[in-house]
Amino acid sequence: MSPFAHITGWGMSVPEKVLTNEDLAKMVDTTDQWIRDRTGIRERHIASPEQSTATLAVEAAQQALEVANLKPSELDLVIVSTSSPEHIFPPTACLVQDQLGAVKAGAFDLLAACTGFIYAVNIASQAIRSGSAKNILVIGAETLSRFTNWQDRNTCILFGDGAGAFVLQASETPGGVLSTVLRSDGSGADLLSLPAGGSFMPASHETVNNDQHFIHMNGREVFRFATRVMSQATREVVEAANLKLDDVNLIIPHQANLRIIDSAARSLEIPLERFLVNVERYGNTSTASIPIATCEAFQQGRLKPGDNVVFVGFGAGLTWGAALLQWSGPFLPEKPIYPFSYRLWVRIRSFLNRLVRSLEGLIWRSRYPGI
Ligand code: COA
């Protein structure tokens with residue numbers, strides 16, 4: 001029998017700096033009341049200049065590894081889902097892999113916008129089910145504040161920075177990820193985009209002058225799309241697991257807008273109390289929103305072993321999807337195996353790797369001067 005993919009570790013990291021609606025009202029023509037009425041958001045966290053997608057990702061990942069009590073060197077794969085990577089390449093996942101000391105892991109980035117975390121959980125669970133991996137780290141991390149036009153009131157009120165991470169591990173015990181639904185519709189690609197900086201429209205003076213390195217969005221159309229797909233994907237994923245909506249204990253939706261979550265709840269005829277909602281404190285952290293909300297659900301005692309939980313999200317692409325899992329909690333070995341001291345060794349190892357690479361380069365150039 002193929003192994004089951006359980007979520008055994010979870011962690012989150014958000015920047016300390018908080019930007020409230022009142023702060024935004026001093027920057028653009030808006031009000032706290034308008035933002036709260038239309039989105040449910042009160043405040044969001046914004047990365048400091050020293051922070052980046054990778055630093056937030058590493059912090060969330062270290063927490064997740066501690067909860068799972070797993071050594072980074074036991075990871076087989078690191079997947080970073082992000083729409084705000086450190087660079088187009090190298091993958092942010094490789095920077096995270098190095099900073100964690102996940103010395104035996106493959107690492108890659110995944111881009112499916114705000115739905116990315118659900119896509120990443122699907123890939124991780126399939127890799128575990130197929131037997132090709134045992135321990136996988138999945139991270140959703142964003143610093144969308146770096147791509148936000150702080151003069152555009154249509155978009156700057158929505159987004160926040162943060163990261164969340166899961167450890168998925170193989171086990172013969174039934175449970176974990178039971179079903180997933182992944183969907184896309186590229187005919188709506190123009191509704192939410194970051195137009196320039198890719199191969200289609202490389203960076204130029206013109207793209208900078210035209211604000212094309214910022215998020216562009218048709219809010220009304222995205223809203224209409226989101227309200228349609230949230231309930232649809234939830235029904236599909238529950239059906240795929242041979243369960244009924246009544247069997248679902250908690251729904252953790254992508255935190256974009258309280259009105260979208262509310263509309264999904266009404267369409268599913270499920271009370272809003274069965275949804276985890278924290279959009280008021282974080283805004284839309286894109287692919288990080290579901291793992292961050294999961295960490296808070298656990299802290300609030302809303303996740304117990306055996307509970308059926310649905311993750312459901314939507315985003316640019318257009319993409320949408322859902323995952324249904326039976327919550328299990330950590331497989332705790334007898335003694336702690338992920339001590340803090342590990343982190344110092346990881347930094348030394350990375351430094352030594354760079355040093356050795358430079359020395360090898362010097363020797364190589366002295367031997368083969370023309371090359
Ligand atoms: N403050 C005050 N007024 C604002 C404003 C703001 N921050 N942003 C827009 N407005 C104005 C508009 O200019 C418009 O004025 P007009 O009628 O004079 O043209 C009016 O408010 C209504 O705009 P509209 O776009 O219809 O508002 P809305 O009710 O659709 O709410 C969003 C706007 C963006 C909050 C809403 O469309 C939304 O949440 N969409 C989904 C976005 C999303 O989730 N994106 C991420 C997906 S992962």
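Which residue is the bridge partner of proline 253 in E12? Valine 312 is that partner. The points below start from the whole chain and then return to this strand.

1. **Status and overall build.** This is a predicted model. The chain has eleven helices and 13 strands. Its radius of gyration is 21 Å, close to the 21 Å from the globule rule for 371 residues, so the chain is as compact as a globular protein of that length. The C-alpha trace spans about 70 × 55 × 35 Å along its principal axes.

2. **Burial and contact range.** Of the 371 residues in the chain, 49% are buried. Consider the contacts between residues at least 6 apart in sequence: 79% of them join residues at least 24 apart.

3. **The four-stranded sheet.** Four strands form an open sheet in the order E8-E13-E12-E11. The pairing is mixed. Strand E8 (176-184) and strand E11 (250-253) are the edge strands, each pairing on one side only. From one strand to the next, the twist averages 15°.

4. **E11 against E12.** Strand E12 covers residues 308-315 and pairs with E11 in the parallel sense. Four bridges hold this pairing in the assignment. Leucine 250 stands opposite valine 309 of E12. Proline 253 has valine 312 as its bridge partner in E12.

5. **E12 against E13.** Here the sense is antiparallel, over eight bridges. Valine 310 has leucine 324 of E13 as its bridge partner. The two strands make a hairpin with three residues between them. Glycine 317 in that hairpin takes a positive phi near 140°.

6. **Is E12 covered on one face or both?** Both faces are covered. One side carries Asn308, Val310, Val312 and Phe314, and the other Val309, Phe311, Gly313 and Gly315; all are buried. That is eight of eight residues in the strand. Valine 312, the partner of proline 253, belongs to the side with Asn308. Valine 309, opposite leucine 250, belongs to the side with Phe311.

7. **Helix H10 on the sheet.** Helix H10 (residues 289-299) packs on the sheet and touches E11 and E12. Its direction makes about 145° with that of E11. The buried residues of H10 are Ser289, Ile290, Pro291, Ile292, Ala293, Thr294 and Cys295. Just after the helix, glycine 301 has a positive phi of about 75°.

8. **The ligand shell.** How many residues surround the ligand? There are 21, and the closest are Thr30, Arg153, Gly219, Phe223 and Ala256. Helix H2 (32-39) and helix H7 (219-240) are the elements that give two or more residues to this shell. H7 gives the largest share, five residues. By class, the shell has eleven nonpolar, seven polar and three charged residues.

9. **Cis peptide bonds.** Most peptide bonds are trans. Two cis cases deserve a look in the model. The bond from phenylalanine 89 to proline 90 is cis, with omega near 5°. Proline 90 sits in the loop between strand E4 (77-81) and helix H4 (92-100). Glycine 317 and leucine 318 are also joined by a cis peptide bond, with omega about -10°. Leucine 318 lies in the loop between E12 and strand E13 (319-326). Glycine 317 is the hairpin residue with the positive phi near 140°.

10. **Positive phi outside glycine.** Most residues other than glycine have a negative phi. Asparagine 69 has a positive phi of about 60°. Its place is the loop between helix H3 (53-68) and E4. Alanine 113 has a positive phi of about 50°. This alanine lies in the loop between strand E5 (106-110) and helix H5 (116-129).

11. **Is each of these two residues buried or partly exposed?** Asparagine 69 counts as partly exposed because it has 18 C-beta neighbours inside 10 Å, and burial takes 20 or more. Alanine 113 has 25 other C-beta atoms within 10 Å, so it is buried.

Technical notes: Residues are numbered from 1 along each chain as its sequence is written. This is a predicted model: local features need pLDDT of at least 70, side-chain atom pairs count only at pLDDT 80 or more; totals for chains, interfaces and linings use all residues. Two strands pair if DSSP finds at least two bridges between them. Axes are lines fitted to C-alpha atoms, for helices over the stretch in contact, and angles run from 0 to 180 degrees between N-to-C directions. Two residues are in contact if their C-beta atoms, placed from the backbone, lie within 7 Å. A residue is buried if 20 or more other C-beta atoms lie within 10 Å of its own, exposed if 12 or fewer, and partly exposed in between; C-beta atoms are placed from the backbone. A residue is near a molecule or strand if its C-beta atom, placed from the backbone, lies within 6 Å of it. Ala, Val, Leu, Ile, Met, Phe, Trp, Tyr, Cys and Pro count as nonpolar, Asp, Glu, Lys and Arg as charged, and the others, Gly among them, as polar. The radius of gyration is taken over C-alpha atoms; the globule rule is 2.2 Å times the number of residues to the power 0.38.
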